[in-house]
Structures are given as structure tokens and as C-alpha cells.
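The following note is intended for a student who is reading a model of this kind for the first time. Please keep the sequence and the structure in view while working through the points.

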Amino acid sequence: MHAEHIKHDFEPKIVAFVCTWCTYAGADLAGTSRMQYPSNVRVLKFPCTGRIDPVFILRAFQKGADGVLVSGCHPGDCHYMAGNFHARRRFAAFRALLNFVGVDLNRLQFSWVSAAEGGKWVDVVTELTERVRTMGPMPEFKELEHEEQWSTFAGTSVDKSTVLNSPELKEAYDSIG
Amino acid sequence: MNAKANKNQVTSIEPAYYQAITEAIRKEAVQILKDETVVGVVGYLPGRRKGTASPALVTTVEEAEKLIFSPACVNNLSVYLTKAKKGVLKQGKVGIVAKGCDMRALAGLMTESQLQREDLFIIGVVCPGVYGFGVERTGTVTEANIARKCRECTVHMPEGADVAAGTHAELADLTPEEAEEMARIEAMPQAERWAFWKEHFSRCIRCMACRQVCPFCYCEQCLCDKNRPQAVESSPRPAGNMAWHLVRAMHLAGRCGGCAECERVCPMDIPLNLLNRRMAQELKELYDFEAGLTPVEKGPLNEYKENDDQSFIK
Ligand code: SF4
Ligand code: SF4
Ligand code: SF4
Ligand code: SF4
């Protein structure tokens, strides 16, 4: 079965942090069942959602992700009993922090996907991909990567072409990954 | 509250008030050193310049008689019982002078098993407020020169101390500047909030003073110093700065006692306490937790309830 590949103007990069016991197995099921879903998602497997540090999410955004998915076992199903419960609190707090500094939370999704829910995995990934696609690229963290301190001193005599965020460097950066 | 209803609310707090606290601290410190309850007392001595104060560990009665409490006693001394200074506690029980906001740090450190209550003799200060940063130090504390955090202080009366020095007095009708500023940021459109924080964070020079002064940043290896793999870029550039501030705000969420020391020491004038307060507010709303005055079993991010809110998870 080959689904038709539609070429869009903008292909969002989605990074998915998943736990190995539920969501990874669910994604695997989707794959072995030959379900089709957008290939925009890069999956990173963790022993538990409890291991997914908020700094990983930041790192993903900094390195060019337009959307991030964190997914693990449903409450009560955690392989380590409570890893997902701890993660739930941590991410609730982290969302509030990101929101306070002005990050659009529509780019960040948390889900519970079990090993049996291949279909749900497909839905979650498809929905997030399409949502981010309509939002367009996420410029905020990438801009930070490009910027140098002194280059932000708008209105000063600093010549921006001489500082490190040159078009060449920008291009080199964009060509990575 | 009706200001007239409370006769202890005044428009300026005179030096005599701090003098009374000073006397009480000296008396107590001398006593516990004499009867060998403690091996030393962490408190404040006069600074070298007029009108300043500096933290000190006094171990003799003569020194204890020089201890002071003045509006310049801004430091949160609990940081002297953590990190590199841990050795202090090995000598025996230690006395410490603590304002209400500093007591929160002590309680938090006990929660995290960094301190044992029985190792401490806490001289609580019934604190009317301290000078803000860069204000005129006129002798009396007024609405004009009091620290931002003191405007909305809820812990003038310390709880859980061994003794309390001073009597209650507080300034009347203070505008809660921090709460107003936080509401202002929250009301901004998202892009404006990003621009606001980006501008502030981009000035950060990564001196790490905010970390060093914080009683809760006692990690022997800070995540932000790790370079294999490097989680947070360590040079003062915008991307790493943003990550550093978000990581630290996350690490302090549910732990920070709100002493505002991080903000006070920041040479780049970054409003760090707004981040701390925002996180504290969020954890209060979500889990009804407040970094409090008494040690608890676990902080809000170290525990969970099965029925915690998960409306954000699909
Ligand atoms: S916040 Fe409260 S306890 Fe702390 S210095 Fe100000 S008035 Fe004193
Ligand atoms: S920033 Fe985090 S890791 Fe670093 S010292 Fe503070 S609490 Fe520890
Ligand atoms: S984060 Fe700042 S306000 Fe909170 S405890 Fe540390 S130094 Fe004090
Ligand atoms: S004290 Fe200020 S300038 Fe220094 S690292 Fe902290 S936020 Fe940055």
C-alpha cells in the first residue's frame, strides 16, 4: 500500500520523545501494521517519560524542531509504576514556564499512547504535524541560535555585518539536519 | 486591610526598631555561645562602609556582641550552611539569624535533607523589611526604599524559629510591585512576552552569581556546567542564556523560597524573581503547594497524585 506523497511548501520538523514501553511499541505497531502517517516525525526512545528532562525539549527547539511531542504510558500503566505521574507534574509546570516566556504551546504536545494504540499514534502525529504545518516554522529559538549578544544592540554603532551572525553562518546552520 | 485597624502599621520604620532586634540577637547569640548550645552563629556584622552589613560566622562572645540587624541585612544567610560551607555543620550545632523569607530556605533545605533541624539554633527576626537595591539608604525604611519582595511579604513573623527577635511592625499601604509587574507580563500578547524575556536574558553575562547565592542551587555538578554532552551552552550568548534561565526556573520550581537574592546579585538587572514567583504561583494553583515555613516530606515536583490535572495531555 503506497499512500500518495503530497509535497507541501513547508515540511515541519517534529521531534517525538517517547517511552520505550508504551508509545514506542505503539509506534512500532503502527509501522508493522503498515499504517501511513507523516514522515516529519523523528522518534527518540527513552526508558520512561520520567527520564525526559525539559532541557531535551529546549534542545530540540534550539536545534530546529518546529514541534515537539512527548508521549508515554497511560496513567496506571507505567513500567516503573509512577514515572509518568512524575512527568505529568513536571510538564504541567514546564508548560506554564514556556507560556510565561512567550512560547506558543500549540507546538508542544503531550500524549498517552499505549502499545496497543497504533491508530492513536498515527492520529496524534498526523494532527500535530498538520497543526504545526499551518503555524509555519518556529523561528524563536532558531533566531536565538543565530544571534550574538552585541548584535542585538539595535540603534548602536555596531555593524551587524561584522558580527558572527553572518548570512554565511546562517546558511551553514540551516543546512544542518 | 484597613490600615487604621492595625496600630502596628506605620509609614516609616525607625532605626530604633532595628536596634531593638540587634539587642535581642546579641543577647541570644551570647547566651547560646556561653552555654555552648552552639559552636558558632551565622549573622551580620557591620560592613566596612557606613550603613552596610556583611555576613559573618561568629564563634566568640566578644564577636557575638558586635552582631547587628539593620535594613542593610539583606543576605539570605542559609546559603552559608550549604555547598562548600557544609563543613561548618560538622563542628556541632550552629546558630543562624533568619528573616521570615530566609526561614523558607531553611525549611526547604530541611525538606531536601540538606539540613537537620537539630543541627540548628534559629534566631528568627520579626522583620519589618530591608533596603531595596540601589536605593537611598536614609536610615529609616520607607515605601520609597524598601525592597520589592518586602512590599508583599507574608512572613514578617517567622514561624518555627527557636527564638524570635523583635516585635511586629510593618509599613502601611505598600503597592505590590512584583505582583503588578507579573500581571503586566501575563497580559502581554505572547510575542511581546517572548520579546520581553529575550531582551532581558540576552543581557545575561553568565556570571552565575544568581546560582552561587541561591540556597537551593547546591548541586555539586550543575547541569549547566556539564559539557559532555552539553545540555546548556555555557557562553553568554542568547540561545544558551534562554536555556539557562528556563532550566534554572524549572529547577527552582516548587523549591524557591522567594528570598530574591538571585535578583539582587544579578549585575545585569534581570528580573529573576518574576520567574520564580510565576512558578510558585503555578504550583500553588495546580497542586496547592507553597514553599512554606515548615519542612515537608516532599516538594510538589517530587510527588504526585493519581488524579492530578491532565487536561493538557491528549
Ligand atoms: S520579605 Fe519579609 S521577611 Fe524578607 S526581608 Fe522583606 S520583610 Fe523581611
Ligand atoms: S541550576 Fe539546577 S543543576 Fe544548576 S545548581 Fe541550580 S538547581 Fe543545580
Ligand atoms: S531562586 Fe532566588 S529567590 Fe529563590 S531561593 Fe534561590 S536565590 Fe532565593
Ligand atoms: S546573575 Fe544575572 S547576569 Fe549573572 S548569570 Fe545570573 S542572570 Fe546572568
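Which residue in E4(A) is the bridge partner of Gly72(A)?

1. The partner is Trp112(A). Please bear in mind throughout that this is a predicted model. The pair belongs to a wider contact, since strand E3 (residues 67-72) of chain A runs parallel to E4(A) and is joined to it over 5 bridges. Helix H3 (residues 83-100) of chain A completes the arrangement: E3(A), this helix and E4(A) make a right-handed β-α-β unit.

2. The surroundings of E4(A) deserve a second look. Strand E4 (residues 108-112) of chain A has 5 of its 5 residues buried, so it is largely enclosed by the rest of the structure. Leu108(A), Phe110(A) and Trp112(A) cover one side, while Gln109(A) and Ser111(A) lie on the other, and both faces are buried.

3. For the chain as a whole, chain A contains 6 helices and 4 strands. Along the sequence these follow the pattern β-α-β-α-β-α-β-α-α-α. Of its 177 residues, 51% count as buried.

4. Two residues of chain A illustrate positions that are not buried. Asp28(A) is placed in helix H1 (residues 23-32) of chain A. Its relative accessibility is 44%, and because the partly exposed class lies between 20% and 50%, Asp28(A) counts as partly exposed. Asp28(A) and Ser71(A) are 43 residues apart along the chain, and their C-alpha atoms are separated by 14 Å. Arg34(A) is found in the loop between H1 and strand E2 (41-46) of chain A. Arg34(A) counts as exposed because its relative accessibility is 63%. The phi angle of Arg34(A) is near 60°, a positive value in a residue other than glycine.

5. In chain B, strand E5 (residues 94-99) is mostly covered, with 6 of its 6 residues buried. On one side are Val94(B), Ile96(B) and Ala98(B), on the other Gly95(B), Val97(B) and Lys99(B), and both faces are covered.

6. E5(B) has parallel pairings with two strands, described here in turn. With strand E3 (residues 40-46) of chain B, the pairing extends over 3 bridges, and Val42(B) stands opposite Ile96(B). With E6(B), the parallel pairing extends over 6 bridges, and Lys99(B) has Val125(B) as its bridge partner. E5(B), helix H4 (residues 100-111) of chain B and E6(B) also make a right-handed β-α-β unit.

7. Some loop residues of chain B should be examined individually. Ser113(B), in the loop between H4 and E6 of chain B, has a positive phi of about 60° although it is not a glycine. Ser113(B) is exposed, with a relative accessible area of 56%. Thr138(B) is placed in the loop between strand E6 (120-125) and strand E7 (141-142) of chain B, and is partly exposed at 46%. The C-alpha atoms of Thr138(B) and Pro15(B) are separated by 9.8 Å, although the two residues are 123 residues apart along the chain. Pro229(B) lies in the loop between H8 and H9 of chain B. The peptide bond leading from Arg228(B) to Pro229(B) is cis, with omega near -5°.

8. Which residues surround ligand 2? They are Arg211(B), Cys217(B), Cys219(B), Cys222(B), Leu223(B), Trp244(B), Arg248(B) and His251(B). By class, this shell has 5 nonpolar, 1 polar and 2 charged residues. H9(B) gives the most to the shell, with 3 residues.

9. Ligand 3 takes up the space of the largest cavity. Helix H9 (238-252), helix H10 (261-265) and helix H11 (272-287) of chain B are the elements that give two or more residues to its shell. There are 13 residues around ligand 3, of which Cys214(B), Cys256(B), Cys259(B), Ala260(B) and Cys262(B) come nearest. The shell divides into 7 nonpolar, 4 polar and 2 charged residues.

10. Ligand 4 is surrounded by 14 residues, the closest being Cys204(B), Cys207(B), Met208(B), Cys210(B) and Cys266(B). Helix H8 (209-213) and H9 of chain B each supply at least two residues of this shell. Its residues divide into 12 nonpolar, 1 polar and 1 charged.

Technical notes. Residues are numbered from 1 along each chain as its sequence is written. Chains are lettered from A and ligands numbered from 1 in the order in which they are written. This is a predicted model: local features need pLDDT of at least 70, side-chain atom pairs count only at pLDDT 80 or more; totals for chains, interfaces and linings use all residues. Side-chain values use heavy atoms; hydrogens and water are left out. A residue is near a molecule or strand if one of its heavy atoms lies within 4 Å of it. On a 1 Å grid over the protein atoms alone, a cavity is a set of points where a 1.4 Å probe fits but cannot get out, and a pocket is an open set with protein on both sides within 12 Å along at least five of seven lines; lining residues have an atom within 4 Å of a point. A molecule sits in a cavity or pocket if more than half of its atoms lie within 2 Å of its grid points. Ala, Val, Leu, Ile, Met, Phe, Trp, Tyr, Cys and Pro count as nonpolar, Asp, Glu, Lys and Arg as charged, and the others, Gly among them, as polar. Buried means under 20% relative accessible area, exposed over 50%, partly exposed in between (1.4 Å probe, protein chains only). Two strands pair if DSSP finds at least two bridges between them. A crossover is right-handed if, with the strands pointing away from the viewer, the path from the first strand over the helix to the second runs clockwise.
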